[in-house]
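Dear colleague,

I am handing over the structure we spoke about, and I would be grateful if you could look through it before reading my notes.

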Amino acid sequence: MAIETAVDPMLSNASGPRAGDVIVTDNLWKTYEMGDQQVNALRGVNLRIRHNEYVAIMGPSGSGKSTLMNLIGCLDSPSQGKYWLNGHDVSELNDDELARIRNKEIGFVFQTFNLLARATSLHNVELPLIYNGTPAAARIERAKSVLESVGLAERMMHKPNELSGGQRQRVAIARALVNKPSIILADEPTGNLDSKTGDEIMALFDDLHAQGNTIVLVTHEPDIAEFAHRVVTIRDGVIASDHISSRISNKG
Ligand SMILES: Nc1ncnc2c1ncn2[C@@H]1O[C@H](COP(=O)(O)OP(=O)(O)O)[C@@H](O)[C@H]1O
Ligand SMILES: [Mg+2]
């Protein structure tokens, strides 16, 4: 796990990152230009997520959840404000630099799995390692071991259409893990699954959390958010509430 947090002492002010912080945003804005209209999808988000936290992000449709995930995941840059990932200011990096950081630090899991239809589970999981130039033998060994860890040892040579929805999402989770990212970001990962399969996937996230991963999960299902330890609600592009989940607070 890439858990070391490089902290520039010059940045260790109230709003900047401290030791152990994985994600820190300071007054993050995202404005989309739509012809002559401007949409303020995020309007000053301040969020701090520490190593090995398990956070659910909730909020109504259009509130800015996916926009925030895209910024946290280095898929896009903010219009204003700062974002530190593992202590590094990434808010002003160009697209190539963002892509490099993303491949190393972030594992994405999507509602629609986003697997290559014609490729086996093994090849789907190997892909991020091809992009970063890992030699073939090491790549295959690593991909196999991650697939085993998500319970798919028997399904390595199957293609997505030969797998159930839950198995496809396990392949996608294995792909997200293969580079040993510092954060796993999941946008509605159970949205296309029945509730039993969804619970199995959430049990897998529990395991990943127990192994020391940092997890940020977007959901609009309260049952799913209950798996997380902290629930952040966003409304109209700002954080409306941020609290410890009842799963933790009820433990007493
Ligand atoms: N690429 C885009 N161009 C223009 N507007 C966008 C774009 N992406 C999102 N928006 C707008 O930004 C707001 C937040 O969207 P989004 O982050 O997708 O919300 P959520 O994921 O919570 O449903 C919405 O008003 C949406 O229409
Ligand atoms: Mg969304």
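Below is what I found, beginning with the annotated region and then turning to one sheet.

Please keep in mind throughout that this is a predicted model. An unreviewed UniProt entry carries the annotation "domain: ABC transporter", which according to that record covers residues 23-248. Over residues 23-248 the chain is 35% helix and 30% strand, and the C-alpha atoms at the two ends lie 22 Å apart.

The sheet I looked at is an open one of four strands, in the order β2-β1-β4-β5 and with antiparallel pairing. Its edge strands are β2 and β5 (88-89), each of which pairs on one side only.

As for β1, which covers residues 21-34, 11 bridges join this strand to β2, which covers residues 37-50, and the two run antiparallel. The connection between β1 and β2 is a hairpin with two residues between the strands, and in that turn G35 has a positive phi of about 60°. If you would like to follow the pairing residue by residue, T25 has L47 in β2 as its bridge partner, while W29 stands opposite R43 in β2.

Strand β1 is also joined by five bridges to β4, made up of residues 80-85, and here too the strands run antiparallel. Within this pairing, V24 stands opposite W84 in β4. As general background, strands of a sheet pair through backbone hydrogen bonds, either parallel or antiparallel.

With best wishes

Technical notes: Residues are numbered from 1 along each chain as its sequence is written. Chains are lettered from A and ligands numbered from 1 in the order in which they are written. This is a predicted model: local features need pLDDT of at least 70, side-chain atom pairs count only at pLDDT 80 or more; totals for chains, interfaces and linings use all residues. UniProt positions are given in the numbering used here, feature names are shortened, and annotations may be inferred rather than shown by experiment. Two strands pair if DSSP finds at least two bridges between them.
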